[in-house]
Every structure is written in C-alpha cells, then in structure tokens.
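Student: Could you take me through one part of this structure slowly? I would like a close look at a sheet and the helix beside it.

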Amino acid sequence: MAHANAQPSNFYQLLELCALSGALLADTDGVYDPGDVNDRMLLGLKGTMSEAELHLIKQRMQAGKVSKARRGEIGFALPMGHVRRPSGEPALDPDEQIRSTVRLIFDTFAELGTLNGVLRYLVAGGIDLPMRSRSGPDRGEVVHWRPNRTTLQWMLHSPIYAGIYAYGRRRVDPRRKVPGHPGTGKVVVDPDQWIVMIPGALPAYISEQTWRDNLARLAANASRANTTGTARQGTALLSGLVYCGRCSRRMNVRYHVREGQRQADYACARELTDYGGRLCQAMAGTGIDAHVTEQVLAALEPTATEVSLHAAEQIEADRDRVDRIWRQRLERADIDVDRAARRYRLAEPENRLVVRQLEHDWEQALAAQQQLSEDYARFTATRPPTLTPAERAQITARAADLPALWHGDTTTIADRKEIIRAVVEKVHLAIIGDSEQVTCTITWAGGQTTTGTATRAVARLEQLSYYPQLLHRTRELAQQGHRAGAITKRLASEGFRAAKGHDKISTRAVDRLLDQLGFPAKRRRRPVSPPGEAPGQDEWWLDDLAAELDMPAITLRSWAARGWVRGRRESRPPRRWILHAGPGELAALRERRARPPGWHTRRYSQNPPADDTPTTD
C-alpha cells in the first residue's frame with residue numbers, strides 16, 4: 001500500500017503504475033484504489049489541488065523575496081574591495097592595498113579600453129589581486145591571486161563597484177535547462193530588465209556613468225558585425241570605422257599579399273554575402289589610411305604642446321601607482337614577519353610541539369619577504385619610479401613632433417588605431433566612378449564632419465581621372481621626338497603617377513601608351529630570343545596574352561605565378577614569360593576573367609591547385 005504524498009509532477013505516473021499493479025494509495029483521509037474510476041477521479045482532483053497549492057506557495061515565497069530585495073535586505077557575497085561590518089552593513093575594505101588595486105584596475109581600463117590590455121598591464125607590473133579568504137582557517141585574511149580574465153571581467157561588469165544594489169541580474173531560461181542539473185539555464189539580462197536596481201545603496205569605487213561606459217566599451221570590443229571591435233595588429237588603420245558612402249553599410253576588411261607585403265582592402269560585401277549579388281565597392285586601403293592619418297595629425301597638431309607638457313607627468317603618475325602597490329606589498333610582508341616573530345617569542349620554550357610549527361611559520365614569512373624584496377628590486381631596475389632628465393626631454397620632444405611619434409618604431413599599429421578611434425567616429429567612402437579618386441567623409445567624435453578626396457590604387461591607367469591629360473601629354477612629348485625613357489622622367493616630374501600608386505609610371509607603361517597612340521615602335525622592339533625560347537604554337541608573350549584577354553599584364557603574371565596559366569620563362573634576361581593558351585584554355589581564362597573580384601582569391605590563396613593547368617570550376 002502506497003501513500004498518496006508524492007510530488008505533483010510524479011503523481012499521475014504513480015497513479016498509472018498503481019492501477020496496473022493493483023496497488024492501493026492511502027493518505028490521512030482514507031485508502032483509494034487507482035483501478036476504481038471514482039477513487040481515481042478523487043485522487044486526480046487532490047493531485048491538481050496539491051499542485052496548485054504548491055505553485056501558490058512558490059509564488060508567495062518569490063514575492064516575499066522580491067519585496068525584501070526592494071528594501072535592499074537580501075545579502076550576497078561582497079567582491080574584492082568590499083567587506084561586511086559586524087552589523088551587516090557593506091563597506092569599503094579598510095586595507096589600503098586592496099583599495100589601491102581595485103582603483104588601479106578601473107583606471108587602467110579607462111586608459112587602455114580593453115580587458116586584455118588590463119590583464120597584460122597587471123602581469124607586466126607584477127601586480128597580484130589581493131582578496132580576503134571566505135572559508136577555511138584563514139577566513140578573513142588577505143590572500144593574493146594571479147591576475148585572471150574571469151575575475152577582471154566580473155569586476156568590470158559588476159554594479160556593486162558603482163554603488164548599485166541589484167537583484168535579478170540572471171534569469172532562468174527554460175530552453176537552456178539541462179534535466180537533472182538545477183543550476184543550469186541561467187542567462188544574464190540587460191540592466192534595464194533587472195527586477196531591483198537601487199543606485200547609491202552601496203559604497204562605490206566608480207560612478208554609475210563610468211560603470212555604464214565600461215559596459216558599452218566592453219560590448220563595443222566584441223567581434224560582431226554591429227560593433228567596432230578592439231584595435232588589433234592588422235595593418236588596416238580604419239578597421240571597424242569604415243562605412244560605404246553608397247549604401248551606408250559597414251565595410252569589411254580583406255587582407256591580401258601584394259608584392260610580398262600584406263595589404264588591406266576595404267570592401268562593401270553585404271550584398272554579395274547576403275543576397276549573392278555583386279560587390280558594392282572595394283578599394284585598396286593604403287591611400288585611404290594615409291589620407292585619414294594626415295587629417296588626424298592635422299587635427300591633433302594644435303594640442304601637441306599640451307600633450308608634451310603632460311606626457312611625462314602621466315608616465316610618472318602611472319609608475320608611481322604601480323610602485324605604491326609594490327611598497328604596500330612589502331609593508332604587508334613586514335607585518336607578516338613581525339606577527340610570526342611575536343607568536344614564536346610568546347610560546348613556551350618547553351612546548352616543542354608548538355614552537356617547531358611557529359618557527360617554521362616564521363621562516364616561511366622571512367623567505368616570502370626576501371623573495372618579494374628581490375622581485376621589487378628587479379622591477380624597479382627595469383621601470384624606475386621617476387624619469388631621468390634625458391628620458392623626460394626625449395618624451396617632450398617626441399610628443400611635440402606628432403608625425404615622428406606616429407611613424408616611430410615604438411608606436412604599434414594598435415596604438416595608431418587607438419589614436420584614430422579617440423577622435424574619429426566614422427569614415428564614409430565612395431569611389432568616384434571607376435577612377436582612383438575616393439570621396440572620404442570623416443565624422444569626428446564631436447559630431448563634425450570633414451569631406452576630402454583620397455587616392456586609391458587601380459588596376460589600369462585607363463581608370464585614372466587624369467588619363468585624358470596623360471594621353472595628351474604623352475602625345476606631345478612623342479611628337480617632340482622624346483623616347484620612352486625621357487617621356488617617363490618628364491611625366492614623373494610633372495606629377496603623373498601610375499595606376500598602382502607607385503612613384504612614377506614605368507617605361508613599359510609608356511611603351512604601351514605610345515603603341516596605343518600609333519607612334520613607331522621600332523626603338524621599342526622586343527629583344528631577340530635565343531633559339532627555342534620564342535613562343536611556339538598556342539604560346540603567347542605575356543603582354544600579348546594580356547591584351548587578348550583585356551586584362552592588366554601584372555594580374556596575368558600573378559596567375560602564372562599561382563599556376564593558373566601554364567608557362568615558362570626565358571633562361572636569359574629579360575626573362576620574359578611565355579604562356580601556353582590553346583583555344584580551350586583561352587575560353588577558361590576568359591571565364592575566370594569575367595568573374596567578380598575576390599571570387600576565387602580566398603579559396604585558392606589557401607589551397608592552390610596541385611597541377612599547373614588552368615582551373616575552371
């Protein structure tokens with residue numbers, strides 16, 4: 001005979017099992033047969049009422065808990081930097097080292113702006129996290145932990161450091177609960193969804209606005225499509241800040257290897273990735289970065305004197321903060337040694353069972369003090385707390401010369417990005433037609449905008465905005481009897497630049513212009529190739545095949561280097577390319593040429609074809 005006091009969730013399963021086995025159910029009111037329809041209806045009614053009563057009890061308990069939270073009376077474990085008085089009220093930790101370390105963490109995040117930057121700063125400075133032990137024989141004593149990402153992230157997110165009493169920061173999502181694990185399914189909700197939020201109820205290290213700014217900065221550092229992201233070591237200085245001037249979408253950064261160097265492109269590829277369309281626009285990032293850098297340095301130039309005056313003081317203040325924490329650690333080590341010595345002296349000498357342990361504790365405290373003193377000596381040797389007159393003069397000179405500081409070897413790419421992000425909010429780019437000119441609209445941090453024209457690298461001379469003037473000037477120089485070499489020098493002196501943004505137009509490009517203009521090419525004949533090295537059947541000179549495919553010769557040369565076109569090179573200078581392209585291969589190359597830019601770059605840059613035949617898939 002079973003008692004009818006099972007949990008409501010399992011009650012109906014119990015009824016079914018008892019009915020199948022012929023068992024009876026009993027409670028304080030009587031005995032019931034689950035096989036009898038009348039008894040089963042009565043048991044079902046009692047189970048429903050029990051479940052409703054349990055729900056009401058839980059609801060009342062939760063309402064009472066929320067009511068207590070609205071009064072700020074629900075206790076919780078206080079984080080590092082806070083203690084609870086004997087009366088139960090929270091207060092700032094009386095230990096000066098703990099308070100200094102907490103303030104250092106928040107000041108460093110305000111300066112560096114990234115969680116990883118704070119972690120590296122603490123590790124480089126040899127600063128541990130002093131916390132009070134919450135359990136064990138050393139409960140309430142200060143222990144030192146290694147700096148770790150989890151603790152720092154929790155501190156920056158916690159509203160307690162802003163003096164806010166909060167309840168309901170985590171909710172239970174039934175979709176994430178794991179059966180048999182009651183602690184699962186908890187998710188963190190936004191502050192505007194918290195059940196209770198009482199500002200000013202706790203002692204604070206930072207203001208509420210600073211705490212909200214920290215949350216916004218951490219959210220912006222996340223690598224998502226709708227956030228700026230952190231400043232990384234990629235060469236693109238405007239990563240996360242560039243927007244398309246045509247469709248106003250955020251532009252992506254793509255990296256390629258050109259001429260042995262890793263270079264960045266800015267591309268608006270949302271239409272391509274989401275809807276299978278075409279690229280809205282794409283451009284090389286070198287010219288864009290140079291233009292924005294010039295504008296940023298010009299904007300910062302009036303403040304160079306002020307920066308030079310405060311740079312040395314800021315560095316010394318930063319070093320003094322770290323040195324103060326080191327000295328506090330040394331002071332704590334001295335206190336531990338004195339406490340261990342007093343305990344040893346107060347013990348009865350004949351009680352060797354106790355004296356041996358106290359002597360061991362004293363020796364450990366002395367060893368820890370010696371180790372800490374040696375670590376502090378090494379730290380001060382590498383980072384003295386005060387600057388020498390030579391270092392101060394060097395810092396002042398560098399801060400006053402912003403371009404030299406910007407291009408200095410000690411300034412990293414991440415540093416340059418942080419400087420740009422401090423003054424620039426957005427950069428909108430729009431290519432003018434198909435030319436090298438790009439309309440660049442800079443939205444500054446204060447909301448003001450500046451519009452200018454930047455220069456990008458293009459594939460062909462025909463794309464240059466001054467191409468008609470270039471043709472006209474080349475024709476004039478050729479009619480005056482100048483050869484290709486002399487024309488190249490004259491064009492460079494007059495400010496004409498190549499499509500790729502190089503310093504001058506090459507002599508080979510001038511040769512092609514002269515051919516296009518119809519001038520005799522006898523002075524520009526190709527050198528005679530040795531026997532057996534001239535193009536044979538279905539073979540082409542690289543320039544001739546490039547003209548047949550209507551594409552830049554440099555692009556075709558990169559195809560040959562990647563193995564997309566079969567070919568060979570002359571054994572003697574000028575070692576020109578001789579490419580093989582029959583009718584079928586010509587059709588495959590034309591198909592590849594017709595594909596949109598970037599269609600195959602990412603695929604084949606990682607896994608190039610094993611053979612040297614053109615690939616059409």
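Tutor: Happy to; here is a walk through one sheet and the helix that lies across it. This is a predicted model, in which local features need pLDDT of at least 70, side-chain atom pairs count only at pLDDT 80 or more, and totals for chains, interfaces and linings use all residues. Residues are numbered from 1 along each chain as its sequence is written, and side-chain values use heavy atoms, with hydrogens and water left out.

The sheet is open and has four strands in the order β12-β16-β17-β18, with mixed pairing. Strands here are DSSP runs of E with at least two residues, helices are runs of H or I with at least four, and both are numbered from the N terminus. Two strands pair if DSSP finds at least two bridges between them. At the edges sit β12 (242–244) and β18 (449–455), each pairing on one side only. From one strand to the next, the twist averages 30 degrees; axes are lines fitted to C-alpha atoms, for helices over the stretch in contact, and angles run from 0 to 180 degrees between N-to-C directions.

Now look at β17 (residues 437–444), which pairs with β18 in the antiparallel sense over seven bridges. One bridge to follow by eye joins Ile442 to its partner Thr450 in β18. In general, strands of a sheet pair through backbone hydrogen bonds, either parallel or antiparallel.

Finally, helix α13 (residues 413–423) lies across β16 (424–431) and β17, and runs at about 95 degrees to β16. Contact means heavy atoms within 4.5 Å.
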